[in-house]
Amino acid sequence: MQLNRIYYELEDLNRKIRNLNNRLRRIEGFLGLTADDDNK
């Protein structure tokens, strides 16, 4: 069914986004950046 395909795609995208966020946090930590720096 088409709806199941859409759900599968959404789950895949969510997993990729989480992986990217984790990678970004590691890069920010490596560079000594935090989310608070954006507000300065």
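Start by selecting Glu9, which is partly exposed, with a relative accessible area of 32%. Keep in mind that the model on screen is predicted.

**Glu9 and Arg5**

Add Arg5 to the selection. Arg5 also counts as partly exposed, at 46% relative accessibility. Glu9 and Arg5 form a salt bridge, and their closest N and O atoms are 3.0 Å apart. Both residues belong to helix H1, where they sit 4 residues apart, about one turn of the helix. An α-helix has 3.6 residues a turn, so residues three or four places apart point the same way. Side chains of opposite charge can pair when their charged atoms come close.

**The whole helix**

Zoom out and select residues 2-31, which make up helix H1. The protein has 1 helix and 0 strands. With 30 residues at 1.5 Å a residue, H1 should span 44 Å; the C-alpha atoms at its ends are 43 Å apart, so the model agrees with the expected span. Now click on Gly32, just after H1, which takes a positive phi of about 75°.

**Asp12 and its partners**

Return to helix H1 and select Asp12. Is Asp12 buried or exposed? Asp12 counts as buried because its relative accessibility is 17%, and the cut-off for buried is under 20%. Of the 40 residues of the protein, 2% count as buried.

Next, add Arg15, which is partly exposed at a relative accessible area of 38%. Asp12 and Arg15 lie 3 residues apart in H1, about one turn of the helix. They form a salt bridge in which the closest N and O atoms are 3.0 Å apart. Their side chains are also joined by a polar contact of 3.0 Å.

Which residue forms a salt bridge with Asp12 at 3.1 Å between the closest N and O atoms? Select Lys16 to see this partner. Lys16 is partly exposed, with a relative accessible area of 46%, and lies in H1 4 residues from Asp12, about one turn of the helix. Salt bridges with shared partners join Asp12, Arg15 and Lys16 into one network. A search of the whole structure finds 3 salt bridges.

**The nonpolar patch**

Finally, turn on the surface and select Met1, Leu3, Ile6, Tyr7, Leu10, Leu13 and Ile17. These residues form a nonpolar patch on the surface, with about 740 Å² of accessible area together. One of them, Tyr7, lies in helix H1. With the full surface shown, the protein exposes about 4100 Å², and carbon and sulfur atoms supply 55% of that area.

Notes. Residues are numbered from 1 along each chain as its sequence is written. This is a predicted model: local features need pLDDT of at least 70, side-chain atom pairs count only at pLDDT 80 or more; totals for chains, interfaces and linings use all residues. Side-chain values use heavy atoms; hydrogens and water are left out. Helices (H or I, at least four residues) and strands (E, at least two) are DSSP runs, numbered from the N terminus. The expected span of a helix is 1.5 Å times one less than its number of residues. A polar contact is a pair of N or O atoms within 3.5 Å; within protein, one must be able to donate a hydrogen and the other to accept it, and residues adjacent in sequence count only if both atoms are side-chain atoms. Buried means under 20% relative accessible area, exposed over 50%, partly exposed in between (1.4 Å probe, protein chains only). Accessible areas come from the Shrake-Rupley method with a 1.4 Å probe; for residues, only the protein chains shown count as cover. Patches are made of residues with over 30% relative accessible area and no salt bridge: like charges are joined within 9 Å, nonpolar side chains (Val, Leu, Ile, Met, Phe, Trp, Tyr) within 5 Å. A salt bridge is a side-chain nitrogen of Lys or Arg within 4 Å of a carboxyl oxygen of Asp or Glu.
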